[in-house]
Amino acid sequence: MCDLIVIFILLYVVGDIIVAFGKLSDALLMEHTRRTSYEEKLLALNTQLEQKVEQRTEKINQKNIELIKINQDLADTQQQLVQSEKMASVGQLAAGVAHEINNPVGFVTSNLATLEDYMEDYSQASILVQRVIDDNGTITEEITAHFKKADFDYLNENSESLLSESIAGLKRVTEIVKNLKQFSHVDSLDTQPCDINECIKTAINMANNDLKYQCQIKTKLAELPTIEANMGKLIQVFTNLLINSGHAITNDGIIYVATKKNKHSINIEFVDNGKGIPPDIVDKIFDPFFTTKPVGEGKGLGLSICYDIIQEHEGEITVKSTEGKGTVFAITLPL
């Protein structure tokens with residue numbers, strides 16, 4: 001009897017276990033089905049995400065290509081503006097440069113015409129002397145008269161002076177042309193060891209043709225080491241600053257240009273005693289297209305381009321001005 005009871009209990013327990021295993025199996029099956037569904041959905045989402053990432057990446061690549069083209073266009077435009085401003089400055093200086101070239105060319109031409117007359121006297125003298133030599137004769141009265149008339153002592157002395165002046169004049173023309181070529185050189189990306197003082201002297205030679213009738217330019221140039229820089233661009237900066245200072249001087253004035261070497265940099269100052277800049281616009285003068293000149297006389301790019309060029313050289317340009325007293329432009333270039 002006890003055995004039957006035990007058997008029934010065992011059967012009951014086994015039944016419960018079987019039922020429990022059945023329920024657990026159903027639960028596991030449902031969980032597996034749910035997990036499989038989630039995995040399928042996750043896979044589908046991953047596929048969609050990858051497609052969206054690919055589409056977004058493609059759009060980003062297209063935008064990058066467009067940005068590269070825009071940046072290139074901007075760089076080209078900036079280069080054109082720099083060249084345009086440079087050529088505008090050359091045009092502004094052209095009259096003075098032409099006048100400066102005409103002076104030595106004029107006296108060289110005059111000297112050569114005088115030397116041509118001298119050569120006629122020498123040519124005639126050589127013919128007469130050759131005639132005497134051919135005849136094995138003595139100096140004739142004709143030769144004596146020619147030498148007295150021509151005054152060969154004067155011709156010899158004056159010829160040396162004329163040749164010396166002409167050579168100096170042609171050297172002056174060569175120097176002007178060299179300065180103009182350096183100023184307007186198109187290779188705007190090239191850098192080379194650069195002597196800042198020589199750049200300033202070239203800029204003064206360029207601007208002096210435009211400014212010498214309205215102001216003096218005085219310099220105090222310290223001994224400086226060479227730096228790696230773009231000579232043409234720096235000459236353009238210095239020339240623009242000199243011309244701007246000259247335009248600010250209404251009566252006879254002075255522009256001082258000074259250089260100084262510090263531990264890690266070179267300092268350059270352009271100081272004028274002109275009319276100065278009003279306080280309300282002094283912070284705007286480096287802005288592109290900002291100008292105080294009448295319409296048609298300036299595009300407002302000169303100082304903006306100067307600022308960009310100094311930035312390209314990892315330097316700094318600042319301005320201080322007192323209205324009615326003058327302006328100081330200070331440039332710092334790293335060694």
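In which sense do strand 6 and strand 7 pair, and over how many bridges? In this predicted model, strand 6, which covers residues 316-322, pairs with strand 7 in the antiparallel sense, and seven bridges are found between the two. Within this pairing, Thr318 stands opposite Ala330 of strand 7. The two strands form a hairpin, with three residues between them. In the turn of this hairpin, Gly324 has a positive phi of about 90°.

Strand 7 (residues 326-334) is also joined to strand 5 (residues 265-272), through eight bridges, and these strands run antiparallel. Here Asn267 stands opposite Thr332 in strand 7. Strand 7 is thus described by its pairing with strand 6 and by its pairing with strand 5.

Asn267 also appears among the contacts of Lys260, together with Ser265, Ile266, Ala222 and Leu224, when neighbours of Lys260 within four places in sequence are left aside. Lys260 itself is placed in strand 4, which spans residues 253-261. Because its relative accessibility is 48%, and exposed residues are those over 50%, Lys260 counts as partly exposed. Lys220 lies 40 residues from Lys260 along the chain, yet the C-alpha atoms of the two are separated by 8.9 Å.

Helix 6 comprises residues 302-312. Its buried residues are Gly302, Leu303, Ser304, Ile305, Cys306, Ile309 and Ile310. Just after helix 6, Glu314 takes a positive phi of about 60°.

Definitions and conventions
Residues are numbered from 1 along each chain as its sequence is written. This is a predicted model: local features need pLDDT of at least 70, side-chain atom pairs count only at pLDDT 80 or more; totals for chains, interfaces and linings use all residues. Side-chain values use heavy atoms; hydrogens and water are left out. Helices (H or I, at least four residues) and strands (E, at least two) are DSSP runs, numbered from the N terminus. Buried means under 20% relative accessible area, exposed over 50%, partly exposed in between (1.4 Å probe, protein chains only). Contact means heavy atoms within 4.5 Å. Two strands pair if DSSP finds at least two bridges between them.
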